[in-house]
Amino acid sequence: MTRTPNATYSRPFNFRFWLGLPLLSMALLLIIDPSRLDFAISSWFYSTPDGFSGKHSWLLENLLHDRAKQAVIALGLLAIGGFVLSLLPTRLAVWRRQLGYLVLALGVSTAIVSPLKTLTGVHCPWSLVEFGGSEIHTALLSPRAATLKPGRCWPGGHASAGFSLFALFFVLRDRHPRAARYGLGLALGLGLVFSLSRVMQGAHFLSHNLWTLLLDWMICLLCYRLLLYRVADESAAAEWIVKNTKQPGHTRI
């Protein structure tokens, strides 16, 4: 049985554009301080007597935060289990590289959040004086105001539970492009829902979660380039096309 080039090689991908766009977006976020927009959006969900509207919501806290995070952890554990089984003579052996990619991309996308939170010390909206707290807001690259309790709110941690699923898009795009598009939609949809829920609770500014989106995309893309992307050999591809177009009844598309 002759294997098609698509079973061996990766579909074309514009790495320059899809690496350059998030890098440009990051540069703009550093040059143009988004604080005014962040405060304006967060103020929609804040009232003086009650605080943030979603802070004590069962739906936002228990379902969209705790249970959703547990679901993504379960997915990561399944990927690890599948990768371990792929090292044995099982049917999963042909998916070894893809499962290894999932373990790496999901792991790095989520694990990078905690060290960055500690390194930056950015406070959550609910901790700031403008929203009933006691801390002073400072921009991302500005020196932090003196405090006994540094913040841990940049980038958005819960949003990474959704945006880390960009890995599903990359792991599927070469063999199952339609399913890959569904995976991309799932990652964007869950990431945006998780982001909005935490903004409503006062746990993050919108820009915190935008940074998470950009970082997770970059991580999943770079891991894809490192582990899965395979450039087609032009002569092999041409040979396959010639053989298959000469078969009786074959129609070129």
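Me: Which helix gives the largest share of the lining of the largest pocket?
Reply: This is a predicted model, so take what follows as computed from it. The lining of the largest pocket draws two or more residues from each of helix 4, helix 5, helix 6 (113-120) and helix 7. The top contribution is seven residues, and it comes from helix 4.

Me: How much space lies in the largest pocket, and how do its lining residues divide by class?
Reply: There are 26 lining residues, with Lys 69, Thr 110, Gly 157, Ser 160 and Ala 161 nearest the centre. By class, they split into 13 nonpolar, nine polar and four charged. As for the space inside, it's about 490 Å³.

Me: What about closed cavities: how many reach 30 Å³ or more, and what is the volume of the largest?
Reply: The count at that cut-off is one. Lining the largest cavity are Gly 121, Val 122, His 123, Leu 128, Ile 136, His 137, Thr 138 and Arg 144, which divide into three nonpolar, four polar and one charged. Its volume is about 40 Å³.

Me: Why does the end-to-end distance of helix 9 agree with its number of residues?
Reply: Helix 9 covers residues 177-201, which makes 25 residues. At 1.5 Å a residue that should span 36 Å, so the helix agrees with expectation because its end C-alpha atoms are apart by just that value, 36 Å.

Me: What do the buried residues of helix 9 pack against, and which residue follows the helix?
Reply: The buried set includes Ala 180, Gly 183, Ala 187, Phe 194 and Arg 198. Their packing partners are helix 3 (35-43), strand 2 (51-52), helix 4 (58-86), helix 7 (157-163), helix 8 (166-172) and helix 10 (206-227). After helix 9 comes a residue with positive phi, near 85°: Gly 202.

Me: Which helix gives the most to the largest nonpolar core?
Reply: Nonpolar side chains tend to be buried together in soluble globular proteins. Here the largest core has 36 residues, and Phe 13, Tyr 101, Phe 170 and Tyr 224 touch the most other members. Helix 2 (15-31), helix 5 (96-111), helix 7, helix 8, helix 9 and helix 10 each give two or more residues. With eleven residues, the top contributor is helix 10.

Me: Which residues is Tyr 101 in contact with, leaving aside its neighbours within four places in sequence?
Reply: Tyr 101 belongs to that largest core, as one of the residues touching the most other members. Beyond its sequence neighbours, its contacts are Ala 167, Phe 170, Val 171, Cys 220, Cys 223, Tyr 224, Leu 227 and Leu 228.

Technical notes
Residues are numbered from 1 along each chain as its sequence is written. This is a predicted model: local features need pLDDT of at least 70, side-chain atom pairs count only at pLDDT 80 or more; totals for chains, interfaces and linings use all residues. Side-chain values use heavy atoms; hydrogens and water are left out. Helices (H or I, at least four residues) and strands (E, at least two) are DSSP runs, numbered from the N terminus. The expected span of a helix is 1.5 Å times one less than its number of residues. Buried means under 20% relative accessible area, exposed over 50%, partly exposed in between (1.4 Å probe, protein chains only). Contact means heavy atoms within 4.5 Å. A nonpolar core is a set of buried Ala, Val, Leu, Ile, Met, Phe, Trp, Tyr and Cys residues joined through side-chain atoms within 4.5 Å. On a 1 Å grid over the protein atoms alone, a cavity is a set of points where a 1.4 Å probe fits but cannot get out, and a pocket is an open set with protein on both sides within 12 Å along at least five of seven lines; lining residues have an atom within 4 Å of a point. Grid points are joined across faces, edges and corners, and a volume is the space filled by probe spheres set on the points. Ala, Val, Leu, Ile, Met, Phe, Trp, Tyr, Cys and Pro count as nonpolar, Asp, Glu, Lys and Arg as charged, and the others, Gly among them, as polar.
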